[in-house]
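Student: I have a structure to go through, and I want to know what lies behind the terms used for it. Can we take them one at a time?

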Amino acid sequence: MKKQLHILQGIIILLIILIISLLLIKFLYKINNEKIDTTYIWNLSLNNLNIKGNEKSKTTINDNTITSEIILEKETDYYEYTFDITNKGTKKAKLNSLNIEANNPKNILVYTIKYIDNKEIKVGDIINSNDKKTIKVRVEYPKQKDKIYDELKLSLNINFEYKVTD
């Protein structure tokens, strides 16, 4: 009888250890896979797109990239848009890199990318917490010596990469 009681106590102790182990594993798994909300620290977005000019053209914002497909038909046509880079986080954002890809097949269309106050955009520029910078992109069809009767197209991708700074 004592032997059976010891075996029963051993089984109960093993079950308790097994249950505690499973609960501990479940608890640790939940901690390791927990999603932490960091938007209050880092919340940078491109928004408030305003477009002027040619209606055949289009511009879209996707995360930290602006993509434009621009079609201009004649001299003095233009396409211009502005957008904001808004920092709603608690940390400053520093421009780490600015990548511009332009596909301008005839190399006639001219584009500029500057801040709204016409200052140059430079790597290292900072957007403070709860602040914004407005960017202006302008594409122009300049006067030509020889007349060109074709529509001119320009594909423009602008990618902003920011990093957190103190």
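**Reading the terms**

Tutor: This is a predicted model. Its largest nonpolar core has 26 residues, and those with the most contacts inside it are Tyr 81, Phe 83, Ile 85, Ile 135, Val 137, Ile 158 and Phe 160. β3 (65–72), β4, β5 (92–103), β6 (110–115), β8 and β9 each supply at least two residues of this core. β9 gives the most, with six residues.

Student: What makes it a nonpolar core?

Tutor: The residues must be buried, be of the nonpolar kinds such as Val, Ile, Phe or Tyr, and be joined through side-chain atoms within 4.5 Å. In soluble globular proteins, nonpolar side chains tend to be buried together.

Student: Which residues is Phe 83 in contact with, leaving aside neighbours within four places in sequence?

Tutor: Phe 83 is in contact with Leu 46, Asn 47, Asn 48, Leu 49, Ile 61, Ile 66, Lys 133, Thr 134, Ile 135, Val 137 and Phe 160.

Student: Why is the pair Glu 151 and Lys 56 called a salt bridge?

Tutor: The N to O distance between their side chains is 2.6 Å. The cut-off is 4 Å between a side-chain nitrogen of Lys or Arg and a carboxyl oxygen of Asp or Glu, so the pair qualifies. Glu 151 lies in the loop between β8 (131–140) and β9 (152–165), and Lys 56 in the loop between β1 (44–53) and β2 (58–62), 95 residues apart.

Student: Are Glu 151 and Lys 56 buried, exposed or partly exposed?

Tutor: Buried means under 20% relative accessible area and exposed means over 50%. Glu 151 has 36%, so it is partly exposed. Lys 56 has 47%, so Lys 56 is partly exposed as well.

Student: How many salt bridges does the rule give?

Tutor: The count comes to eight. One of them joins Lys 74 and Asp 77, at 3.3 Å from N to O. Asp 77 has 14% relative accessibility, which is under 20%, so it counts as buried.

Student: What links Glu 80 and Arg 138?

Tutor: They form a salt bridge, with the closest N and O atoms 2.9 Å apart. Glu 80 is in strand β4 (residues 78–87) and Arg 138 in strand β8, 58 residues apart. Glu 80, at 9%, counts as buried, whereas Arg 138, at 24%, counts as partly exposed. Both belong to a network of salt bridges with Lys 52 and Glu 140.

Student: How do you know that Thr 59 is buried?

Tutor: Its relative accessible area is 10%, and the limit for buried is under 20%, so the word applies. Thr 59 is in strand β2. Its side chain makes a polar contact of 3.0 Å with that of Ser 68 and another of 2.8 Å with that of Tyr 79. Both values fall within the 3.5 Å cut-off.

Student: And why is Leu 22 called exposed?

Tutor: Its relative accessible area is 53%, and exposed means over 50%, so it passes. Leu 22 is in helix α1 (residues 2–32). Along with Ile 7, Ile 11, Leu 15, Leu 18, Ile 19, Leu 23 and Ile 25, Leu 22 makes a nonpolar surface patch of about 790 Å².

Student: What makes Leu 22 fit for such a patch?

Tutor: A patch residue needs over 30% relative accessible area, and Leu 22 has 53%, so that condition is met. Leu is also among the nonpolar side chains that are joined within 5 Å.

Definitions and conventions. Residues are numbered from 1 along each chain as its sequence is written. This is a predicted model: local features need pLDDT of at least 70, side-chain atom pairs count only at pLDDT 80 or more; totals for chains, interfaces and linings use all residues. Side-chain values use heavy atoms; hydrogens and water are left out. Helices (H or I, at least four residues) and strands (E, at least two) are DSSP runs, numbered from the N terminus. Buried means under 20% relative accessible area, exposed over 50%, partly exposed in between (1.4 Å probe, protein chains only). Patches are made of residues with over 30% relative accessible area and no salt bridge: like charges are joined within 9 Å, nonpolar side chains (Val, Leu, Ile, Met, Phe, Trp, Tyr) within 5 Å. Accessible areas come from the Shrake-Rupley method with a 1.4 Å probe; for residues, only the protein chains shown count as cover. A polar contact is a pair of N or O atoms within 3.5 Å; within protein, one must be able to donate a hydrogen and the other to accept it, and residues adjacent in sequence count only if both atoms are side-chain atoms. Contact means heavy atoms within 4.5 Å.
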